[in-house]
Structure formats: structure tokens, C-alpha cells
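Visitor: I have a model open and would like to talk through it. Can you put it up?

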Amino acid sequence: MSDITRIESSLAGQKLILETGKLAKQAGGAVLVTHGETVVLATATLAGQAREGIDYLPLMVDYEERMYSIGKIPGGFFKREGRPSEKEILRSRLIDRSIRPLFAGHLRRDIQVVAKVLSADPAYPPDIAAMIAAGTALSISEIPFEGPVAAIRLGALDGKLILNPTYQQIEEGQLDLVVAATEDAILMVEAGAKQVSEELLLEGLAMAQQEIRRIIALEREMMSKAGKEKTVIAPSEYAPEMVDAVKREVRQRLCEAIRIAEKHSREEALAAIDSQMRATLADQFPNMEVALQEIERKILKEETRAMILREGIRPDGRTTSEIRPITCEVGVLPRVHGSGLFTRGQTQVLTILTLGAIGEVQIIEGLGIEEFKRYMHHYNFPPFSVGEVRPMRGPGRREIGHGSLAERALLSVIPRQEDFPYTIRLVSEVLESNGSTSMASVCGSTLALLDAGVPITTPIAGIAMGLIKEKDQVAVLTDIQGMEDALGDMDFKVAGSASGVTALQMDMKIKGIELEILRTALAQAKEARLVILEKIRIALPQPRAELSRYAPRVFVLQINPDKIRDVIGPGGKMIKKITEETGAMIDIEQSGRVFITAPSVEAGELAKQQIEALTGEVEIGVTFTGKVSRVETYGVFMEISPGKEGLLHKSRMYDRAVKRVEESFKMGDELPVIVDGVDDRGRISLTRKGLTGQDFNEDEEKHEHRDRPDRSDRPWKSRSR
């Protein structure tokens with residue numbers, strides 16, 4: 001216990017504690033972060049041996065929320081946490097994107113970071129504590145990590161920035177901004193916003209970096225007291241003659257190939273160069289195929305970046321601020337409720353919209369205050385979109401992340417439930433991919449919303465920005481394609497309206513970026529966004545006036561909350577009956593508001609009438625068409641509305657006396673009746689007296705002669721006295 005290191009400070013008015021040496025001592029690094037009532041344990045572990053045959057950093061990040069942290073037992077049959085939730089996956093990605101740029105590119109040993117939420121303050125998101133814990137655990141471990149790194153969250157209310165906002169402040173405010181940074185540069189940005197200005201975002205980034213420096217000072221103190229000596233993993237050194245041989249073989253042809261504008265043609269040319277290079281140099285450098293390819297890729301990266309910085313021209317011939325050709329189409333699928341096809345260069349996304357009942361919302365079980373979602377966006381990335389063949393599986397982390405970003409970009413313009421009582425699901429199908437499919441999904445989704453007639457407040461568009469940075473030379477790229485993403489230094493996605501930003505996501509491949517470069521990127525992104533919004537406006541300037549004829553119709557009515565039990569009925573009998581007869585889905589709120597989602601207007605009206613009949617007050621003197629439900633010797637019981645019966649006593653049937661009720665009335669007979677009275681127990685008495693006119697006379701005659709034999713086909717015979 002004497003080896004425990006504990007450092008205390010504060011963050012946004014709450015105590016912040018960093019502790020190591022007590023828990024998970026066999027991990028390479030383990031840090032317990034306590035912020036208020038939130039407690040997160042993060043561990044970092046390094047594998048003993050490098051993994052052979054890979055050309056990437058095998059980093060695994062797992063963020064885990066346990067329901068015990070808020071004093072709840074998980075739902076479901078098994079009563080234990082299962083596969084990661086969408087929220088856990090998104091927060092795992094937050095941590096991953098914050099730390100990945102700080103590992104050396106040549107590392108090939110598995111690294112695993114695990115962050116477990118052990119206690120959660122229900123008022124605050126726990127992800128910032130997890131990100132601080134993960135960065136500190138890596139920094140004090142033996143893992144070669146060029147930290148420290150820390151993170152902070154900012155909100156905004158009435159244009160004023162708030163440090164470490166609560167869930168409630170995030171929901172009510174205009175901004176949810178998460179920033180990860182080192183002492184000198186910003187590494188990762190994630191934001192959802194309600195059309196905020198670029199100036200407010202830059203102000204938030206500056207404020208976040210200042211606060212992050214204070215947290216990093218605590219991490220450095222812990223590193224000095226409990227940090228381990230770093231493992232030295234030297235990069236592979238290639239013989240100069242091998243490097244020279246590859247350069248002679250491929251350099252000139254690579255310079256020619258990278259100028260091929262069409263993606264597949266360029267990839268075929270690069271593949272041919274690689275194949276010929278390996279065949280030519282195989283005898284000179286046996287068993288060095290992986291090394292030869294790594295040298296070749298390095299040359300390709302250097303030449304591509306040099307061309308952009310030197311000439312201001314990109315591989316497909318565009319300037320740094322030029323957008324690829326764009327086409328926008330709506331209504332491309334006949335049976336769906338809304339569809340939009342967005343094509344930008346060789347990136348193409350088809351988004352389909354479906355409208356559903358309020359009861360079809362997604363139920364959420366997690367540590368936050370959110371219990372359900374009525375607006376969902378899902379993103380699919382099939383292998384054919386990049387000309388590949390691979391097994392089709394469920395959505396991966398990347399697909400969930402891209403879907404969430406597109407969902408966030410549009411959330412602020414989705415109409416309120418009070419104004420548009422539907423559950424909304426958007427699905428973006430990536431049909432072609434050559435850079436920035438997530439932002440294409442935002443644009444395709446806007447088109448689908450407009451096509452479906454969803455009254456969004458304003459259209460939203462998105463664009464992806466890139467960066468090439470070599471010392472003092474900087475090129476900010478608008479609308480990056482796949483090659484520029486892979487060989488560049490930044491992937492900076494910005495979505496918004498003409499008025500402001502609604503979503504932002506930045507990932508770095510270098511060790512940070514200055515605010516001035518971000519200012520330039522935001523300005524270029526706004527220019528591009530306005531161009532795309534104009535293309536969307538030309539395709540469909542505003543939401544369609546009417547919903548698709550295949551979309552369900554929603555009727556909303558308010559009933560007395562005390563009458564809810566009448567609509568539901570014993571064991572759900574009445575609501576099931578209405579659903580079966582009309583085909584409508586019925587959702588009832590505790591306030592008494594009823595949502596009827598029907599396949600047609602006629603079905604909805606019928607369901608509405610039945611509910612109104614169930615909940616309406618029975619007034620004396622009102623005439624109903626009753627249906628005989630029970631016959632007794634003293635009278636008949638008649639259903640005058642669903643679930644409501646009254647007694648028509650035999651003394652109140654006709655102006656004449658009725659001797660035998662069963663001779664005049666049968667089960668299922670329908671005839672007009674008047675409400676004669678309602679006693680203090682709610683029992684209804686009916687009468688037929690007072691009904692006049694032809695309908696009453698015909699009805700009386702029909703019932704009076706019901707049991708007389710039919711002699712119409714017998715021959716007539718005269719009678720004599």
C-alpha cells in the first residue's frame with residue numbers, strides 16, 4: 001500500500017483525483033480517476049512479441065459501462081451486460097482517436113487499453129474521466145507512448161461556454177464539444193451543435209486547450225512519481241542499397257500513376273508497379289517482400305504530398321479548395337417513404353427514410369438520462385462500394401461511428417414530436433466510396449428528409465477536409481478522396497447549415513494541429529458547405545407538402561387520463577380489438593395523449609372514432625345505434641359503443657306491451673335507442689319510446705313479425721263461414 005500514488009486537484013468545481021498502485025497492478029499501467037462521484041479505472045497493457053505480417057499498429061481500446069455503477073440490474077433474460085452498446089463503441093472510438101497519433105508508426109506489438117466505469121454520477125457523462133484515465137495509464141506504463149494527453153468537454157448556453165456540462169445542460173444548450181490534446185496541439189475533436197458559429201467553436205477549442213494543459217500537469221506529476229521506464233522499440237532499418245533500388249525501380253512511374261484521376265485506374269497502375277518491382281528485386285533481396293513494399297509505400301506518400309505542396313494540384317487534378325462534381329436526386333425509390341441519392345465524384349450514398357409510430361422508438365439502457373430515440377440514422381458500408389470481396393457481417397465500429405456522426409449532424413433540425421409525431425429512421429447505403437462517405441450520408445439524408453415531407457427547419461450538408469503539413473508548408477484540402485485521407489495528416493469532417501455548424505469530427509495522424517490551421521479549415525469547409533447546400537436546394541428547395549401515400553398517417557387526440565383504462569380494457573382487450581379491426585398502432589402517454597398510427601386515413605379515422613366512443617361521456621337523450629349483446633326475459637343489453645352497454649327494458653321497447661322479449665329480439669340485432677338515464681354506478685338505461693318516423697315503424701314491424709311463418713309461397717284459399 002506504500003506504493004500508492006495519489007494526486008488531487010479540481011475540475012469544473014468538482015474534486016479530481018488520479019491514483020495508481022492500488023488496483024490492477026499486473027497491467028502495464030493502471031490509473032483510477034475519480035471526478036465527483038464518477039470513478040473510472042483504465043489499464044494499458046503491451047504484448048510481449050511483435051505480430052508478424054502486419055503493416056499497422058494493433059491497438060485495441062475497450063470502454064465498458066457497468067449497470068452496477070448507477071445501482072441498476074441489467075434488463076433482458078440473462079441479467080448481465082452483453083456485447084458493447086452503441087454508446088460504449090462510440091466512447092471507445094473517442095479514446096482510440098485521442099491516443100493513436102501518439103504511438104510511433106513502426107510499432108507492431110499489440111497494445112490494449114481498457115476503461116471501466118465503476119461508479120457513475122447520473123448527472124455527468126463519464127467519458128472525460130475515462131479519456132483522462134486512459135491517457136495517464138499509457139503515460140506511466142512501459143509502453144512507448146508520446147504523451148501525456150488529456151481531454152475536456154465544453155457546452156454552451158446562450159452563447160456562453162460551460163466547462164464540464166451536465167447531461168441536462170448538454171440537452172438544453174447549443175453545443176457538446178469534446179477535445180483531446182497534448183500541451184501544444186489539438187489531437188481530436190468531436191462535436192454536436194445547434195448551428196453554432198465557427199467563431200464560438202474556435203473559442204471553445206482555445207478554452208479546452210488551456211484547461212487540458214492544467215490536467216496534463218497532474219499527469220506529468222504522476223509520471224514523475226510512478227512512471228515506468230519506457231520500452232525501446234526501434235524502427236526497422238533498411239539497407240541503403242535496398243532503398244536506392246526501390247527508388248530507381250518505382251519512383252518515376254509512381255509520380256505518373258498518382259496523377260491518374262480515376263480511382264480504379266490509378267489503383268490498377270499502382271498494383272502493376274508494385275508487382276513488377278517485387279518480381280524485379282526478388283532475387284537481389286530474397287525474403288524481403290514486406291520491407292520492399294513498405295519502402296515503396298513511403299516513396300508513394302512522399303511524392304504525393306510533395307506534388308500537392310509544390311504544385312497545389314491534387315492526384316485527380318483539383319486545386320486544394322475544389323469540390324468534385326455533385327449530383328442530387330430525390331424520390332428514386334417508389335415504395336419507400338422518402339429517398340435521396342447523393343453523388344460526389346466517386347462517392348455515392350443512397351439514403352432511405354422510413355416513418356413509424358411513436359411506439360417504435362429505440363429503447364436505450366445505459367448510464368445517461370436518455371431512455372429512447374425517436375430519430376435514428378444507420379450507415380452501411382458493403383464491400384462492393386470499394387470493389388472488394390469480403391464476408392458480410394453486422395455493423396462494425398467504423399459503421400456505427402459514421403452513422404452516429406451523420407445522425408448528430410441532422411438532430412438539431414429534426415422537428416419536435418409535438419409538431420411531427422413520427423419515429424424517423426434513416427439508412428444510408430454506401431454504393432461507391434472514394435472518401436468522406438459519412439458526409440455524403442449527411443447530404444443524402446437531407447435529400448431523403450425533404451423527399452419524405454419531414455418539416456426540417458433547414459437543410460444540412462457536410463464536407464471532409466484534409467491536411468498536408470511538412471514543417472512550415474501547409475495545404476488544407478477541401479473534399480478529400482480516399483488516397484488523400486490515407487496519405488494525409490488530418491480527416492476533419494464538418495456538417496452544418498448556411499447559418500452554422502451542427503457536427504464536427506477531427507482525427508489526426510500527426511501529433512497535433514495548431515488553432516490557426518483549424519481556423520483555415522473551418523473557413524474552407526463553410527465555403528464548400530454553401531456550394532453543396534445550393535445543389536440540394538436546386539434538387540428540392542423545401543420539404544414536400546404531403547407525405548408519401550405509402551407512409552402511415554398519425555392522428556393525435558387528448559383524452560381524460562382517467563379514461564386510459566377504458567381504452568386499454570381488461571387485459572388489453574379493447575385496445576387489441578381496435579388494433580385488429582383497424583390495423584392501427586395505438587400509443588398512449590400518461591398525460592392522456594393518444595397517438596394513432598394507421599395505414600390509411602380511413603383506418604385512422606375509424607380508430608379515432610372508436611377511442612372517442614370509449615372515452616366520451618354518455619349523455620341522456622343522445623341517440624345511438626345499439627347492438628344486442630344479451631337477451632334476458634326482462635329486456636336486452638345493447639352495446640351502444642365499444643365497451644359500453646345499456647339495458648333496454650321490455651317496458652321501454654315499444655309503445656305497446658312486449659310479452660316475450662326473445663320473440664322480438666335476437667343476438668346481433670341493430671336498432672336505434674335513446675339513452676334514458678345513467679345511475680350513480682354508471683349503469684345505462686335505454687329506451688325506444690320517443691323514436692318516431694318511418695325507421696322506427698319499420699323496425700317495430702320487423703321485430704313484431706320475426707317468428708311468424710312465411711306463407712307467401714302457399715296457394716290462396718278462400719274461407720267460408
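Guide: We can go through a sheet, the cores, one helix and some salt bridges. This is a predicted model.

Visitor: Sheet, then. What is the strand order, and how do the strands pair?

Guide: Six strands make an open sheet, ordered β1-β2-β3-β4-β6-β5, with mixed pairing. At the edges are β1 (5-11) and β5 (59-65), each of which pairs on one side only. From one strand to the next the twist averages 15 degrees.

Visitor: In which sense do β3 and β4 pair?

Guide: Antiparallel, over 7 bridges between residues 29-35 and residues 38-50. Within that pairing, V33 stands opposite V40 of β4.

Visitor: Which strands do helices α2 and α4 lie across?

Guide: Helix α2 (residues 127-140) lies across β2, β3, β4, β5 and β6, at about 150 degrees to β3. Helix α4 (residues 198-226) crosses β1, β2 and β3, and runs at about 170 degrees to β1.

Visitor: Switching to the core. Which residues touch the most other members?

Guide: In the largest nonpolar core, which has 133 residues, those are I99, F103 and F492. Beyond its neighbours within four places in sequence, F492 has contacts that include I463, M465, L504 and L522. Another core, of 20 residues, lies apart from that one, and V250, L281, F285 and M483 are among its members.

Visitor: What about α13, which residues are buried there?

Guide: M574, I575, I578 and T582 are buried in α13 (residues 573-582). Viewed down the axis of α13, they fall within an arc of 100 degrees, so they line one face of the helix. The face turned away from them carries the exposed residues K573 and E580.

Visitor: And what covers the buried side?

Guide: The cover includes α12 (564-568), β23 (585-588) and α14 (601-615). Just after α13 comes G583, with a positive phi of about 75 degrees.

Visitor: How many salt bridges?

Guide: The count is 51. One of them joins R529 to E198, with the closest N and O atoms 3.2 Å apart. R529 is in helix α11 and E198 in helix α4, 331 residues apart along the chain.

Visitor: Is that pair buried or exposed?

Guide: R529 counts as buried because its relative accessibility is 0%. E198 is buried too, at 8%.

Visitor: And R251 with E303, how far from N to O?

Guide: Their side chains meet at 2.8 Å, linking helix α5 to helix α7. Here R251 counts as partly exposed, at 39% relative accessibility, whereas E303 is buried at 9%.

Notes. Residues numbered from 1 in each chain as written. Predicted model: local features only at pLDDT ≥ 70, side-chain atom pairs only at ≥ 80, totals over all residues. Heavy atoms only, no water. Pairing = 2+ DSSP bridges. Helix = DSSP H or I, 4+ residues; strand = E, 2+ residues; numbered from the N terminus. Axes fitted to C-alpha atoms, helices over the stretch in contact; angles between N-to-C directions. Contact = heavy atoms within 4.5 Å. Core = buried A, V, L, I, M, F, W, Y, C linked by side-chain atoms within 4.5 Å. Buried < 20%, exposed > 50% of the residue type's maximum accessible area, 1.4 Å probe, protein only. Arc of directions from axis to C-beta. Salt bridge = Lys/Arg side-chain N within 4 Å of Asp/Glu carboxyl O.
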